[in-house]
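Student: I would like a close look at one part of this protein. Please take me through the second largest pocket and what stands around it.

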Amino acid sequence: MKMRIEATIKLNRIPDHIRKQHKGFREWDFVLSKHDHQTILQILIDGRDSNAVDIEGNPLPTLVYLAREKRPQHHHHFKAGSMNALIRVSSRISNGPIILNVDCDMYANNSKAVKYSLCLFMDEKKGDEIAYVQFLQSFDNLTKNEIYASSFRVLQQLELHGLDAIGGPCYNGSGCFHRREALCGKKYEKNYKVDWKKVSDTKADESASFLEETCKVLASCTFEHNTTWGKEMGLIYGFLVEDIITGLNIQCKGWKSMYLSPERDGFLGVAPITLLQTLVQHKRWMDGHLQVFLSRYCPLLYGYKKIPLKLRLAYCPYNLWAANCLATLYIVVMPCLCLLKGISLFPKISSPWVFPFAYVAFVHRAYSLNEFLWCGGTFRGWCNDQRMWLFNRTSAYFFALFETILKLLGYSRLNFVVTAKVADKEALKRYDGELIEFGATSPMFDILATLAMLNLFGIFGALKKVILDVDEDLQVLEKFGLQILFCFVLVTINLPVYQALFFRNDNGKMPSSVTYKSIIFAMLACTATMC
């Protein structure tokens, strides 16, 4: 199997001798485009066949290959449409009561994950209330100090656990066990009980070839027309975060969910290894979250009298992350510009009002650091987490907000961007060495570099006042001390940006065009402020 996989990757296609063994693969020979083809379906392993065993004689489960029909004139609804086709086809072939959903870049890491989930579903007291069990999303390629803060360490290990007490966590799109009935639109009823003896014997009696032909219509482009699929059944269509909206819809039908985080991770995936990949992924997530908040599915309104107020409020911080960019951009830009203009934003050092500012800043950061370390992180990991907090909110979240507004005004359409997670060997080497990968032109890099240069110019302007105005240096520090300190913190956070702009020579450095634009934009902003 290892040789087969390596040969397929090397050829960038399925080897001919394997294609000849499976008619499902051979059907692709007559397909001109992956966006325009018929349903291709083959039962590779029939679990009902007594001869379907491994080399040790253990029975193998049913394995089905499916490529749903796609036509240019029909919207295929991205991942949600693919999931719904799989749900329908599997209901005809096996109809298992529990469905596991795992993304293509994730794999099972704990053989007991199924057992843990079934224990929750089959619990005699509360099991019948559970619609899905969401596992912690972990990655096997994270660096020691998580250079791009991809693990969401605090969110996953603290916040999502807390949601179990108020109705359960949201559906995160992968590593999730679903109750088929709940996923297919069934509403929860108080007297609902599952007879596991009956549902364990639901396999079809027809032959594999007959099932292959009859199931193709379930994955056709026109099957969902005039049905509730994508509206009330299956995954909900029309949103970039189809998982979040689907989980909310299920919870609003009376079901609950559970969050599971065993000592050994249930599933592992691949995290982005460049900064641009990370920012693009965050942009899509935040665009989708804000889209949900501004739609009829807004948790505050759609969940009214359906889910607890606490759970409705718990959805809102994630839905409004994109809008948070406005406050972040303001606090990054204004202090340095006001410093150049000579406008004080904070109390004087000698004023007693400086203590509330200092207390809030210190305690908040100390609490954040303690939380991160308690969840198993490192100090450098926390520093990287703070840096990515700034990068995301001043670039990815800003573009997410801007694009969402354009969609509401009708100037943009829904576009699902798949996050690329591959890179060349040199980029992988830099990632392993925890060196931030820029190496590409992007409007998001223009913003990051401009903001970094803006704060650097602000520090230079403050130093000029302190050094040249010898008689007034104490007054400058007295009046602008906190402001200078704040700009200095921002400059420290942006040290990797300055390194990529001026000192690095590898392919991961900031492109020259971004360097020139950032300097020009920052100088224009400073000049306009001082005029």
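Tutor: Here is a walk through the pocket, the two domains and the sheet. Keep in mind that this is a predicted model.

Start with the pocket itself. The second largest pocket has a volume of about 1700 Å³. Its lining is made up of 47 residues. Closest to the centre are His-364, Arg-365, Ser-368, Gln-386 and Trp-389.

What kinds of residues form the lining of the second largest pocket? There are 32 nonpolar residues, eight polar ones and seven charged ones.

Now look at the helices. Six of the elements to find are helix 6 (153-162), helix 13 (309-319), helix 14 (324-341), helix 15 (354-374), helix 16 (379-408) and helix 19 (473-493); each of them supplies at least two residues of the lining. Helix 16 gives the most, with twelve residues.

Where does this pocket lie with respect to the domains? The protein is divided into domain 1 (68-271) and domain 2 (323-530). The centres of these domains, taken over C-alpha atoms, are separated by 38 Å. Their contact takes 20 residues from domain 1 and 23 residues from domain 2. Both domains give residues to the lining of the second largest pocket, so the pocket lies between them.

Next, turn to the sheet. Four strands form an open sheet, in the order 3-7-5-8, with mixed pairing. Strand 3 (98-101) and strand 8 (256-260) stand at the edges. Each has a single partner strand, so one side of each is left without a neighbour in the sheet. From one strand to the next, the twist averages 20°.

Look at one pair within the sheet. Strand 5 (residues 130-135) pairs with strand 8 in the parallel sense, over five bridges. Val-133 has Met-258 in strand 8 as its bridge partner. Helix 5 (residues 113-121) packs on the sheet. This helix touches strand 3, strand 5, strand 7 (176-179) and strand 8. The direction of helix 5 makes about 150° with that of strand 5.

Finish with one residue, Leu-276, which lies in helix 11 (residues 275-293). Leaving out residues up to four places away in sequence, Leu-276 touches Glu-437, Ala-440, Ser-442, Met-444 and Phe-445. Take Met-444 from that list. Leu-276 and Met-444 are 168 residues apart in sequence. In space, they are 8.2 Å apart, C-alpha to C-alpha.

Key. Residues numbered from 1 in each chain as written. Predicted model: local features only at pLDDT ≥ 70, side-chain atom pairs only at ≥ 80, totals over all residues. Heavy atoms only, no water. Pairing = 2+ DSSP bridges. Axes fitted to C-alpha atoms, helices over the stretch in contact; angles between N-to-C directions. Contact = heavy atoms within 4.5 Å. 1 Å grid on protein atoms, 1.4 Å probe; cavity = no way out; pocket = protein on both sides within 12 Å on 5 of 7 lines; lining within 4 Å. Points joined across faces, edges and corners; volume = space filled by probe spheres on them. Nonpolar A, V, L, I, M, F, W, Y, C, P; charged D, E, K, R; others polar. Domains from an automatic or database assignment.
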